[in-house]
Amino acid sequence: MYENLPTIADLDDLTELVTTSADEDHLFVRWSAGPAVDLRQDETSRDSLTGVPLPGLSANPLAVEQWWGDRSLRLWVARRLYDYRHLRHLRGPNVRPWVLVGDQCGRGPDNEPLVRVRRPVAWIADAALIRAEQLVEAQNSDEWGPLDRNGAR
């Protein structure tokens, strides 16, 4: 059913979605096997340290914070993808990013939003991930990288 979601082909298309979405449509990116799996599992995530079930799905908001000002929206969106790209490798080959409209119902142990899905929107193509990585890495910050705990070992 959800496997036929449209695919956002590139970073510009995702940036446009963020720009044109209605204010009441709170957009999030979720890295998982997709809505068919997540919604079948009662929309819960688990804390990977303790195994405790969480009251929603861990997701990353796409909404631009006011403090970002007039900086590049494209860079903002790229960071949203870049930060959690390691999850694909950590959790398996069927894990990929998808966009959803949801409602925040709590915060997880890493202070990430926990959401309830109102509707799945689209998959995100690898080309968008590659472009996001290029854009973030072009910032040449020695202090910035993905939020990958295993990469620090």
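Which residues have the most contacts inside the largest nonpolar core? In this predicted model, they are L11, L14, L62, L81, V99 and I124, within a core of 26 residues. Two or more residues of this core come from each of the elements α1 (11–20), β2 (27–32), α3 (73–82), β5 (96–107), β6 (113–124) and α5 (126–137). The greatest contribution is that of α3, which supplies six residues. In soluble globular proteins, nonpolar side chains tend to be buried together.

The surroundings of L14 illustrate the packing. When residues up to four places away in sequence are not counted, L14 touches I8, L62, V77, L81, V99 and I124. Besides L14, the residues with the most contacts inside the core include L62, L81, V99 and I124. A second core, separate from the one described above, has nine residues, among them L57, W98, V117 and W123.

The fold as a whole comprises five helices and six strands. Their order along the sequence is β-α-β-α-β-β-α-α-β-β-α. Of the contacts between residues at least 6 apart in sequence, 71% link residues separated by at least 24 positions. Of the 153 residues in the protein, 40% are buried. The accessible surface amounts to about 8,900 Å², and carbon and sulfur atoms account for 48% of that area.

Two individual positions were examined further. S58 belongs to strand β3, which spans residues 57–58. A polar contact joins the side chain of S58 to the side chain of E112, at 3.2 Å. With neighbours within four places in sequence set aside, the contacts of S58 are R30, S45, E112, P113 and L114. One of these, R30, falls in the range of β2 (27–32), and P113 and L114 fall in that of β6 (113–124). Both β2 and β6 are among the elements that give two or more residues to the largest core.

Q134 is located in helix α5. Its relative accessibility is 43%, and Q134 is therefore classed as partly exposed, since that class lies between the 20% limit for buried and the 50% limit for exposed residues. The C-alpha atoms of Q134 and A78 are 8.9 Å apart, although 56 residues separate the two in sequence. A78 falls in the range of α3 (73–82), the element that gives the most to the largest core. Helix α5 (126–137), which holds Q134, also gives two or more residues to that core.

Notes:
Residues numbered from 1 in each chain as written. Predicted model: local features only at pLDDT ≥ 70, side-chain atom pairs only at ≥ 80, totals over all residues. Heavy atoms only, no water. Helix = DSSP H or I, 4+ residues; strand = E, 2+ residues; numbered from the N terminus. Buried < 20%, exposed > 50% of the residue type's maximum accessible area, 1.4 Å probe, protein only. Contact = heavy atoms within 4.5 Å. Areas by Shrake-Rupley, 256 points an atom, 1.4 Å probe, with all protein chains shown as cover. Core = buried A, V, L, I, M, F, W, Y, C linked by side-chain atoms within 4.5 Å. Polar contact = N/O pair within 3.5 Å; in protein donor to acceptor, adjacent residues only side chain to side chain.
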